[in-house]
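Got your viewer open? Let's take a short walk through one chain, one selection at a time.

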Amino acid sequence: MTNHNFRIKNNYLFPFILFFLLVFILSFAVGKYPISPINLVKILLSKVFPIERTWSKESETILFNIRMPRIIIAAFIGAALSVSGLIFQGIFQNPLVSPDILGTTSGAGFGAALGLFFGFSYFGITIISFLFGLLAVFLVMSIGRKLNNNQILSFVLAGIMISSLFSSSTSFLKLVADTDNTLPAITYYLMGSLTSIRQSDLPFVITLITLSIIPLLFLRWPLNVLTQGEDEARSLGVNTKLLRVIAIILATIMTSVTVAVGGVIGWVGLVIPHLIRMLLGCDYRKTLPATIFLGAGFLIFVDTLSRILTTYEVPIGILTSFIGAPFFLYLLLREGKKV
Amino acid sequence: MRIEIKNLSFSYNSSQKVLDDISLNLIEGEFVSILGCNGAGKTTLFKSMLGFLTPQKGTILLDKQPLSSYKPKEIAQKIAYIPQLSYSTFDYTVFNTVLMGTTCQISTLSTPKKREEEAVNSILANLGISHLAHKKINEISGGERQLALIARALAQKAKILILDEITANLDYGNQIKVLSMISKLTEQGYTILFSTHNPEGALIYADRILLLDSGKISFSDTPEKLAATDLLSSLYKTDLYIEKLSIDNKSRYICIPR
């Protein structure tokens, strides 16, 4: 009998962890206010060991109060968007699906626009945006379930409809908004940016995203089976309805959180899962952990670019589109060649 | 392992019954073939037997317990299902595809371990397809793919196999290869329920043939008995002549349109 050694070794994850750590550390040193690598290491170590101060007070403040929250949140948003994309693509058996398939982004975007329109505080905007993201998916799932067609198709159609409804509502808000302050604020917010990230955002973002990713890590084998389609997955013993609902809710929470704090950051949820599948295949046991690290590293990288590229900060959503759109085109060409 | 269906009726909408008062018993080790036109209700019957559809009338007993009392995982441990040839959106290796069969053997929050992987290795070797283990499921031939799905069904350790037109879209050689593989499984105690549009395959391999016509079972007996009637002609609305041949001391039938 031939024995095939298919045990998954953890070393497949090593390059992704390395990439993440490298980008994570370098991003602290880079910015409008440069901090030398030696000072960076010293400042970081000074929190643990008593080291003589050779750096300015500003360096420390910038590092811990401004850069650190932003980099950590960029990492979590990158991981969340990428994992959401990976999950939705499996559930809908379509590798070209992105995390906003069920209208989460449009819903959360509308919520934020509404908050800005009524002059809510930053915290208020985050919460209302998050709630509208969830509302959009709740509406999509309620409508989708009522349609008697193929369940997956019903969700997608309902998603397009709800998404369009919220996008139009946002456009209406922009139309009636004060053109001096509110309209630019809404427009800038929807472009996606991490400039206004604060330390106080950390608990909200870290808690919700971590609590969403952990159950998915435990469910990565049944998620593999779910990609085989409804009938086959059920016949293999998976409670498909329950698994699909859990996965959709967790992916939606993650996407809503990202829009609530960072605005609309497109393409990450499409590009990273694709790249991972190209490198590792489609087994969720490997792709899910790798996606977390690559997604996190990628968004820190793009956010760092957005901080240093020009004298003004380029909204991160614009940069992810600049990178994502050509990559998508490359994928289409690659698929075309296969056919 | 027994499955008993009593007076089963099912309709997707109230106007027309897709299954109409079906009663059927499957006995351990039996190879039962279902013949019927498109839309006769074969797939609906299978979906009811797998617990995907809830019938409006009648009962399905699995080991004397109502099917509705089983959880999806428990049904999967007793009944395996193989669909007709299709292509996956995500291209898993043959090994991982077969490993998915062990899902009903492990807890929901865990992943297959060494024991499950060894079981898969052993099944692949028994079916003679170990060489395919590393290959991607969409890169192998249709016949090999169906053998991989049979391996996946065996990994479930279920003793009843429901095969929905699994030889459809296969070339003739692969049809024979898959059918003879299934036929061998009955010798190991597997119960086979197999739907096909190829009456000759059913006449050669099945112990019993069911004819499903507009949601009703119009015939349930041995291939010999079916060959002696003109029920196949009326089922397919085509005048068919069934010729009995004796090859290597075994009865074989061929269907020829008149």
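Start by selecting strands S3 (residues 31-35) and S8 of chain B: 5 bridges join them, and the two run parallel. Keep in mind that you're looking at a predicted model.

Want to see one pairing up close? Pick Ser33(B), then find Phe194(B), its bridge partner in S8(B).

Next, add strand S7 (residues 160-164) of chain B. S7(B) is also joined to S8(B), by 5 bridges, and this pair runs parallel too. Click on Leu161(B) and look across to S8(B): the residue standing opposite is Ile192(B).

Now bring in helix H6 (residues 172-187) of chain B. Together, S7(B), H6(B) and S8(B) make a β-α-β unit, and it's a right-handed one.

Time to select S8(B) by itself, residues 191-196. Is this strand mostly covered or mostly open? It's mostly covered, with 6 of its 6 residues buried. Turn on the side chains and you'll find two sets: Thr191(B), Leu193(B) and Ser195(B) point one way, while Ile192(B), Phe194(B) and Thr196(B) point the other way. Residues on both sides are buried.

Last stop: colour chain B by pLDDT. The mean is 92, and 100% of the residues reach 70 or more. Which element of chain B has the lowest mean pLDDT? Select strand S12 (residues 250-257) of chain B, where the mean is 84. For the highest, 97, go to helix H3 (residues 94-99) of chain B. As a rule, coordinates shouldn't be read in detail where pLDDT is low. The model as a whole scores ipTM 0.92 and pTM 0.90.

How values were computed: Residues are numbered from 1 along each chain as its sequence is written. Chains are lettered from A and ligands numbered from 1 in the order in which they are written. This is a predicted model: local features need pLDDT of at least 70, side-chain atom pairs count only at pLDDT 80 or more; totals for chains, interfaces and linings use all residues. A residue is buried if 20 or more other C-beta atoms lie within 10 Å of its own, exposed if 12 or fewer, and partly exposed in between; C-beta atoms are placed from the backbone. Helices (H or I, at least four residues) and strands (E, at least two) are DSSP runs, numbered from the N terminus. Two strands pair if DSSP finds at least two bridges between them. A crossover is right-handed if, with the strands pointing away from the viewer, the path from the first strand over the helix to the second runs clockwise. pLDDT is the predictor's confidence in each residue, from 0 to 100.
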